[in-house]
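Here are some exercises to work through with the model open in your viewer. Try each task before reading its solution.

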There are 2 protein chains.
Amino acid sequence: MKAEIIAVGNEILQGFTLDTNSNFLAKRLTELSFSVEKITVIQDKRQDIIQALDSSIGHCDLILMTGGLGPTSDDITKEVLAEYFGGQLVENKDVLSDIEKLISSRNLLMNEKNQKQALVPDNCIVVRNKNGTAPAMIFNKNNTYLVSMPGVPFEMKEFFENDILLFIKENINLTPILVKVINVFGIAESVLAEKLTDFEKNLPENIVIAYLPAPEGIRLKLTGKGSNFDDLNTGLDKLAQNLKMIISDNFVGFDDDTIEIVPGKLLKEKKLTVSTAESCTGGLIAHKITSQSGSSEYFKGSIVSYSNEAKINILGVNPRTLEEFGAVSKQTVEEMATGAIRLFKTDYAVAVSGIAGPTGGTETKPVGTTWIAVASKNKVESFEFHFGKLRDINIRRAAANALFKLLNVVKSEIDRN
Amino acid sequence: MKAEIIAVGNEILQGFTLDTNSNFLAKRLTELSFSVEKITVIQDKRQDIIQALDSSIGHCDLILMTGGLGPTSDDITKEVLAEYFGGQLVENKDVLSDIEKLISSRNLLMNEKNQKQALVPDNCIVVRNKNGTAPAMIFNKNNTYLVSMPGVPFEMKEFFENDILLFIKENINLTPILVKVINVFGIAESVLAEKLTDFEKNLPENIVIAYLPAPEGIRLKLTGKGSNFDDLNTGLDKLAQNLKMIISDNFVGFDDDTIEIVPGKLLKEKKLTVSTAESCTGGLIAHKITSQSGSSEYFKGSIVSYSNEAKINILGVNPRTLEEFGAVSKQTVEEMATGAIRLFKTDYAVAVSGIAGPTGGTETKPVGTTWIAVASKNKVESFEFHFGKLRDINIRRAAANALFKLLNVVKSEIDRN
């Protein structure tokens with residue numbers, strides 16, 4: 001099955017907005033076994049939209065289109081689609097009532113522009129928007145389905161994962177395709193690739209492997225296609241287990257179990273708790289943990305101690321430790337971790353202190369130098385890292401490594417008991 | 001002048017790789033006054049490459065093409081380009097020597113694949129690669145220049161910023177273009193659009209406006225084209241100042257001065273300090289603030305109090321307040337804010353407590369209910385919000401609104417003094 005993606009938006013063509021929508025849709029369509037043949041980004045211009053439709057309708061099974069559906073005058077996609085597929089705009093009572101509810105919940109008054117958003121083509125399936133004002137629309141012509149969705153990323157994702165996915169599964173005949181992800185942490189991509197040389201050589205023809213590296217670790221993605229779903233599933237599972245063995249200590253989890261999820265899951269399962277004491281990560285570890293619903297069961301809180309006074313007054317770090325060894329040191333980060341345990345009364349605490357850059361580096365402690373400590377009730381361990389020069393990447397790497405060290409310490413204590 | 005971008009690569013179409021190259025080139029081309037008419041991502045297939053070229057050559061002044069130039073057998077772009085423009089591949093001694101040097105510097109031996117990379121079309125300008133093995137190539141046909149560059153982001157950027165930029169400036173006659181961004185917060189897109197109806201009607205023909213909404217506010221973008229750079233600059237500045245007046249209290253800043261930047265800038269300028277006490281935002285406000293280099297001058301720290309015990313023991317919230325009014329209440333969030341001021345000894349503190357969801361909502365306090373307090377030394381103000389149902393968006397909206405409220409309180413206290 002072939003698919004294409006069309007994004008409408010001058011902001012993308014001007015480089016103002018990174019087109020993450022097309023990336024998201026390309027990934028999801030590939031997972032569904034579509035071959036994505038083309039991504040096109042075009043302007044909010046009648047002629048350009050028509051030309052894009054002409055070159056795609058009838059040449060693929062599905063077109064996903066994003067953007068161009070806002071309330072402002074530069075958004076003309078809905079009008080052009082109605083015309084292209086030979087329909088007219090009519091007021092939709094359900095959509096109107098959705099918009100009225102949304103507007104009144106924000107304590108606003110309906111205006112002409114909101115009213116206009118309730119006009120929809122009379123020749124499409126209208127899908128109501130639970131998170132915004134513009135509905136999605138599904139058209140069909142020459143055996144091609146065209147789905148038009150708003151360009152606001154979270155509205156688009158909600159549409160896709162719910163109504164549109166269901167529609168695709170019910171209306172387009174897809175070959176079974178399965179994806180299994182193995183999350184890996186703490187190993188360089190080239191070293192991992194070398195470790196997996198034999199594994200890759202012996203992969204069956206219907207399964208491909210891809211490496212997706214990020215500061216939060218490497219995601220190894222196995223994608224398999226086949227006619228029998230159960231065989232494919234069993235085969236992929238076997239390979240994934242095999243990979244887990246080879247990767248050994250650097251294995252984090254399967255699929256959605258990334259380094260941001262796994263420590264929390266383990267703590268929850270074992271009814272253990274954690275807190276954090278953060279300097280250079282500035283709250284990012286706490287933010288990553290609390291992004292998970294239900295995290296309040298195992299996460300009690302964080303002290304972001306961005307000043308020495310906060311380290312001393314709140315976390316109880318000894319002023320002499322700071323004076324003698326500095327804020328970025330084994331001694332300070334260990335006292336930060338034990339301070340957090342004392343304050344939050346948690347089973348574990350993880351602390352980070354480092355020089356994120358671009359300023360603050362010295363000869364002996366260059367930008368990127370980072371200390372991470374993990375404390376449990378009777379013990380504290382610490383680890384030194386040397387990251388790079390980029391502030392945002394250093395912060396992300398520090399947060400991810402802190403979670404990985406936390407995971408290892410918790411795991412080894414559980415194994416010991 | 002019109003430009004188009006073509007990216008070649010299955011990894012983008014499968015969603016493995018986010019196409020940051022096209023975003024970079026779109027931004028740079030727009031800055032150079034090109035109108036970027038289209039971005040197309042295609043597979044490494046002869047027929048697809050030819051079709052993309054057919055639909056673009058002769059229709060624009062410049063095509064920038066990335067990817068498809070690697071050493072592996074699936075990279076066929078160079079062969080297809082040579083053929084399309086009517087040339088043949090010949091060995092280039094300079095390119096061969098560049099490759100030999102690079103390979104030996106990595107302690108590797110030349111192989112057949114490296115040797116093949118020294119073959120270049122005999123009908124193009126060859127631009128040598130200082131950072132990798134594949135050279136860039138410049139072709140011309142029907143008044144369209146086509147530049148083909150490797151897809152490795154840093155190699156591509158180096159090519160563009162040096163040789164290609166120079167070539168464009170020398171060979172294509174460009175008109176000045178300028179962009180001005182006005183950052184707006186706390187107003188719905190439709191309400192803003194209504195407020196700006198007259199402004200939009202009276203915009204000169206050479207200037208266009210675009211709305212870019214996100215949980216962190218709306219970015220209004222003015223793009224102007226003209227023959228005289230100074231006139232254009234003055235004109236855009238006047239319009240931006242005009243917009244600032246119309247937008248009034250919802251104006252945050254120009255260009256890069258977003259809601260995540262402006263409060264910190266103001267605090268730094270006035271030598272004031274801030275701390276945060278975060279419940280549902282879980283450290284995100286602190287993370288946003290500390291993402292800015294130099295933030296330690298005005299940011300002292302945060303207490304992420306995810307449990308009631310932490311609110312009581314660390315922030316000093318009265319247990320009776322929690323019992324009587326609950327954690328998500330005016331009273332609790334105000335005590336959190338004053339607690340943070342006391343602990344961190346800052347001039348201001350901002351506190352947030354809310355129900356991010358998806359669980360935890362009640363009849364009287366549904367998911368999305370959020371309280372934000374801003375405390376200064378002698379005063380505390382608080383505000384109630386009702387966001388939506390999506391956890392991550394609720395967290396982002398709460399963090400952005402907290403920063404906006406902080407900004408307003410600081411501004412009004414400065415105005416009063």
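**Exercise 1. A charged pair across the interface**

Task: Find out which glutamate side chain meets the side chain of A:Lys45 in a salt bridge, and describe the interface around such pairs.

Solution. A word of caution first: this is a predicted model.

Step 1. Look across the chain boundary from A:Lys45. The side chains of A:Lys45 and B:Glu37 meet in a salt bridge, with N to O at 3.8 Å. The rule accepts a nitrogen of Lys or Arg within 4 Å of a carboxyl oxygen of Asp or Glu, so the pair qualifies at 3.8 Å.

Step 2. Count such pairs. The rule finds 2 salt bridges across the interface of chain B and chain A, along with 31 residue pairs in polar contact.

Step 3. Ask which element supplies the most residues. Strand 2 (residues 35-42) of chain B gives the largest share of the side of chain B that touches chain A, namely 8 residues. By residue class, that side of chain B divides into 30 nonpolar, 29 polar and 15 charged.

**Exercise 2. The extent of the interface**

Task: How many residues of each chain are in contact, and how much area do chain B and chain A bury between them?

Solution.

Step 1. Start with residues: 74 of chain B are in contact with 73 of chain A.

Step 2. Turn to area. The two chains bury about 5,600 Å² between them, and 58% of it is on carbon and sulfur atoms.

Step 3. Pick out the leading contributors on one side. In chain B, the residues that lose the most area to chain A are B:Phe16, B:Leu18 and B:Tyr306, together 11% of what that side buries.

Step 4. Check for strand pairing between the chains. Strand 14 (residues 299-305) of chain A and strand 14 (residues 299-305) of chain B pair in the antiparallel sense over 5 bridges. Within this pairing, A:Ser302 has B:Val304 as its bridge partner.

**Exercise 3. Salt bridges that link distant parts of the sequence**

Task: Which parts of chain B does the pair B:Arg28 and B:Glu161 tie together? Repeat the analysis for B:Lys180 and B:Arg396.

Solution.

Step 1. Set the scene: over all chains, the structure holds 36 salt bridges. Side chains of opposite charge can pair when their charged atoms come close.

Step 2. Take B:Arg28 and B:Glu161, whose side chains meet in a salt bridge at 2.9 Å, N to O. B:Arg28 lies in helix 2 (residues 20-31) of chain B and B:Glu161 in helix 7 (residues 153-171) of chain B, so the pair ties together parts that are 133 residues apart in sequence. B:Arg28 counts as buried at 17% relative accessibility, while B:Glu161 counts as partly exposed at 30%.

Step 3. Move to B:Lys180, which forms a salt bridge with B:Asp237; their closest N and O atoms are 3.4 Å apart. Because B:Lys180 lies in strand 9 (residues 177-184) of chain B and B:Asp237 in helix 10 (residues 229-247) of chain B, parts 57 residues apart in sequence are tied together. B:Lys180 is buried, at a relative accessible area of 16%, and B:Asp237 is partly exposed, at 33%.

Step 4. Finish with B:Arg396 and B:Glu216, a salt bridge with closest N and O atoms 2.9 Å apart. B:Arg396 lies in helix 16 (residues 391-416) of chain B and B:Glu216 in the loop between strand 10 (207-214) and strand 11 (217-225) of chain B, so this pair ties together parts 180 residues apart in sequence. B:Arg396 counts as partly exposed, at 32% relative accessibility.

Step 5. Glance at chain A, where A:Arg28, A:Glu31 and A:Glu161 are linked in a network of salt bridges.

**Exercise 4. A strand and its partners**

Task: Is strand 16 of chain B largely enclosed or open, and which strands pair with it?

Solution.

Step 1. Identify the partners. Strand 16 (residues 369-376) of chain B runs antiparallel to strand 17 (residues 379-386) of chain B, joined by 8 bridges, and a hairpin connects the two through 2 residues. Strand 15 (residues 348-354) of chain B also pairs with strand 16 of chain B in the antiparallel sense, over 6 bridges.

Step 2. Follow one residue, B:Ile372. B:Val352 stands opposite B:Ile372, and in strand 17 of chain B the bridge partner of B:Ile372 is B:Phe383.

Step 3. Judge burial. In strand 16 of chain B, 8 of the 8 residues are buried, so the strand is largely enclosed by the rest of the structure.

Notes:
Residues numbered from 1 in each chain as written. Chains lettered and ligands numbered in written order. Predicted model: local features only at pLDDT ≥ 70, side-chain atom pairs only at ≥ 80, totals over all residues. Heavy atoms only, no water. Contact = heavy atoms within 4.5 Å. Buried area = accessible area lost by both parts, 1.4 Å probe. Polar contact = N/O pair within 3.5 Å; in protein donor to acceptor, adjacent residues only side chain to side chain. Helix = DSSP H or I, 4+ residues; strand = E, 2+ residues; numbered from the N terminus. Nonpolar A, V, L, I, M, F, W, Y, C, P; charged D, E, K, R; others polar. Pairing = 2+ DSSP bridges. Buried < 20%, exposed > 50% of the residue type's maximum accessible area, 1.4 Å probe, protein only.
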